[in-house]
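Could you walk me through this structure in my viewer, one selection at a time? I would like to know what to pick next and what is there.

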Amino acid sequence: MSKDYIRPMPKRWWTTRPGWAKFMLREWTALPVAIYCGVLIAMAAAARSEASWQGFCDWLETPLSMILHVIVLAFALLHTVTWFAAAPKAIRVFRGDEQVPEALVAGGHFAAWVVVSAGFALLVVGL
Amino acid sequence: MASSATKIEGKTVTLEIFRYQPDDETEPRYDTFEVPYREDWVVLDAINWIKDEVDGSLSYRWSCRMGVCGSCGMMVNGEPKLTCAVFLRDYYPKPMRIEPLEHFPVTRDLVINMDDFMGKMEKLQTWIVPKEPRTIEEGEYRQTPRQLADYKQYTMCINCMLCYSACPVYGLDSSFLGPAALTLGRRYSLDSRDGAKDERAELIQSDEGVWSCTFVGECSRVCPKNVDPAGAIQAGKVEGTVDMMKSMLMPWGRK
Amino acid sequence: MSIPVYDVLIVGGGGAGLRAAIAVAQADPTQRVAVVSKVYPMRSHTVSAEGGAAGVIKDNDSAEDHCNDTIGGGDWLADQDAVEAFVEEAPKELIQLEHWGCPWNREADGSVAVRPFGGMKIQRTWFASDKTGFHMLHTLFQTSQQFDPVTRYDEHFVFDLLVHDGRCQGVACIELKTGEVRIIAGRSVILCTGGGGRIFPFTTNAAIKTGDGMGLAYRAGVGLKDMEFVQYHPTGLPGTGILITEAARGEGGILLNKDGRRYLQDHDLGSPLEVSDPRHPQLKSMELGPRDRLSQAFYWEREAGNVFTSDDGDYVHLDVTHLGEKKINKRIPFVRDTALKYVGVDCVKEPIPVRPVVHYMMGGVDTDIDAATSLPGLYAAGECACVSINGANRLGSNSLTELLVFGKRAGMGAAAFAKANPEVAVDALAAQVGDKAARLKSLYSEGREGEASIASIRRTLTSAMETGAGIYRDQARLDALCETLREIKARIKDLRITDRSKTFNTQLVQALELEFMVDAAEAVAFSASARKESRGAHQRLDFKERDDGAFLKHSVAFKSDGDPRIDYKDVSITKWPPAERVYGK
């Protein structure tokens, strides 16, 4: 008969290690980012008439909206960075017999991100 | 506090060690030991010193003391470590808390029960099922350095279990096959000599397999041999998804 | 107590044990096999072997050459019929491992790659980076899991062989997790427990290498052969004794004394080529001479004051810097990793401090060419056995192959024996164990209030071994060693055991291991004292020459009430009459 001692995980297990806390941050912040989709849907709805569009634009200028945007931007950036940093885990690239270093694969993703973002920025500014 | 009969000259360091003795105790306790501090001592040297000089009843596993047999994994200040590969100087002068690897049942003191892992390896068929059987007389299979590189990193696993201690998914639900076992399964599936990829995939793509992984990523960070189990698991997810898409879009393409 | 009965019972789950288990399971799936090991198989010491495994595979090589190197390397003490069988079966076994998935390094065309090694005239060492033993062990272990007839008893410590009716029929062991004494019966038994390097203070060997199988056989009346031959590996890290593989020299690493001189040239090992010379490293020359000769050269350099000194002992330099980072990372990554971690040296930039370190025991349980011992039903393979293919000095990369070839042979022999001898006297075995089990049980419940601590006796033993039976020996020092061992045998009866738990009692295990260590040490010391010549790894300052007239034979040590009895056995000479060992010419 086994008398092994079992140590259950503490309820707030994610507070016990920085790596786990980081993981939970990523999980939780996914929610506000998802909620932001609601804002975009509202925008689409508002676009149907001139009056509602103006109302939507007015709401955008409220402090509440500003704060929401800053938070969501921060979270979106967090997700972007962690996503690209994780990319080399899922994609192993070989050159010859050697695996291309993870930093290079992640770097490629970040570079592409910058280029695409710059393109969008140009597009927006250009308009 | 356990007392030391041995007088120690010079600098010392404090080790707080998890003790559990099932024969006469139902709960664990912590014993504190003063240990001589030496620049070139690994944590395991300090634990051996305690066993030899202070308390012969302290139980733990160790063997090669060169980071390859995988026996001496323990929690050092909350981090899973091979105790033969971390030095006292990395912690000095702070005290160190030594505990058995987390997420495993404790048999005694620093000794964990690892039956669960052994069973999982076997379930995943961690051996070659030849794609094209070959006799000894026919010589070796040809395998180019590039084909070797496909799976070589995953052969480096020493089964030390540190990754399981770093994995909250395994800690919460031990039915998860876990980082090392999944990586070893993938190692064989990627081998050009193997023909059991599809059989293994059933388990790898099941609920106990890669899809239980939430990609915390700590397994790869604590791995002392840079095996990157998190990578192996994510690549397993990608492969599973691609296979599923293929069979949905081209049901005639698969047998 | 119900006693399980197996056809073949294997003690030890390292390379030899697992190879034997698979051999039996493949040959006849109806035979049941038990692997009883004091650790989980993948923790076995095979895991620490680095450099590679020798086997003739390339067109420029031949069995004749491999025999020649092995026999000369062993200073003509190897049994030549055994060497011929070994060399013949070596490539087949390595190919078998390849089929089971061993990640051997490859040439561009996909064939296996080979590397040069000490004492070998032609490149024939198969390798998996510089973790060959690790990869072989894990391949064998993972492969073994698919065979249903194989039952594992992990973390079971065997403390006695059970002999009845003149046959070995099983073992008595302690299940570490519960402390229960178990009897496991076997129609045949194979010892694959590895060597006993831990009887020395400074060794590459893992903690588990305490000579258990040697002690088990010795107590059962089986002889221990050629025990005086203990191999010092020339390149261990000062302090820890952690091994820096010979592959570092195979790839072109050089040894330098404190003046930066490649001192091997002064010890009859040839003359050095520039490291930039494409012919460097030269096979069977300088740094690629045999291990015994390289370790002996260090001794004389130290005598001459040409070595570095430090708190961790004297050392010389192993320089691989000229290989460059890329080659080091590709071919000897573990060397870089290990040196960086344990001595803080990045070998890409600076030389690694190294010194000779006890590495391997050529001697062991006396077996014939089929791995059978003199006790019917008992077999032995791997480092714990002595066939002998290694003679007075083993060549690097022969031992990994040896455990495959003779592991398989032991499996086949034991399986055949089990078929021919199906009856097992289970009741008689149980009766035998009664007393011993009672003694162990009383240790658990009462402990032992002895005077002597395990650690202090171990220290006395190991330091006496280093002084008395080191690289060079003489009669006075050997006599002193034998005397110390007699004292230890008396003191060990009064060992102090404070751990009274039945669960995972490692102190009790240490005590039992220490008793085995004393057995092995005794055989080494008395065999060395009786061999009044210098041959291979046994070098005597008072008898400097090899004496084929008197000592071209195997010593065999038998346990007796007092000092061991040393007998001798002829060496099998087939085609290679004894000659001078020549390196570097």
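Here is a short tour, from the whole chain down to one helix pair.

**Stop 1: the whole chain.** Keep in mind that this is a predicted model. Select chain A and show its C-alpha trace, which spans about 75 × 50 × 20 Å along its principal axes. For the 127 residues here, a compact globule would have a radius of gyration near 14 Å, whereas chain A comes out at 22 Å. Colour by burial next: buried residues make up 4% of chain A.

**Stop 2: the secondary structure.** Switch to a cartoon, and you will find four helices and two strands in chain A. Going along the sequence, the pattern reads α-α-α-β-β-α. If you like contact maps, take the contacts in chain A with a separation of 6 or more: 37% of them join residues 24 or more positions apart.

**Stop 3: a helix pair.** Now select residues 18-46 of chain A, helix H1, together with residues 50-60, helix H2. Their axes lie 8 Å apart, and the helices pack at an angle of about 150°. That angle is over 145 degrees, so H1(A) and H2(A) count as roughly antiparallel to each other.

**Stop 4: the contact between them.** Which residues make this contact? On the H1(A) side, show Ala42(A), Met43(A) and Ala46(A) as sticks. On the H2(A) side, add Ser52(A), Trp53(A), Gly55(A) and Phe56(A). Colour this set by residue class: five are nonpolar, two are polar and none is charged.

Terms used. Residues are numbered from 1 along each chain as its sequence is written. Chains are lettered from A and ligands numbered from 1 in the order in which they are written. This is a predicted model: local features need pLDDT of at least 70, side-chain atom pairs count only at pLDDT 80 or more; totals for chains, interfaces and linings use all residues. Axes are lines fitted to C-alpha atoms, for helices over the stretch in contact, and angles run from 0 to 180 degrees between N-to-C directions. Angles under 35 degrees count as roughly parallel, over 145 as roughly antiparallel, 65 to 115 as roughly perpendicular and the rest as oblique. Two residues are in contact if their C-beta atoms, placed from the backbone, lie within 7 Å. Ala, Val, Leu, Ile, Met, Phe, Trp, Tyr, Cys and Pro count as nonpolar, Asp, Glu, Lys and Arg as charged, and the others, Gly among them, as polar. The radius of gyration is taken over C-alpha atoms; the globule rule is 2.2 Å times the number of residues to the power 0.38. A residue is buried if 20 or more other C-beta atoms lie within 10 Å of its own, exposed if 12 or fewer, and partly exposed in between; C-beta atoms are placed from the backbone.
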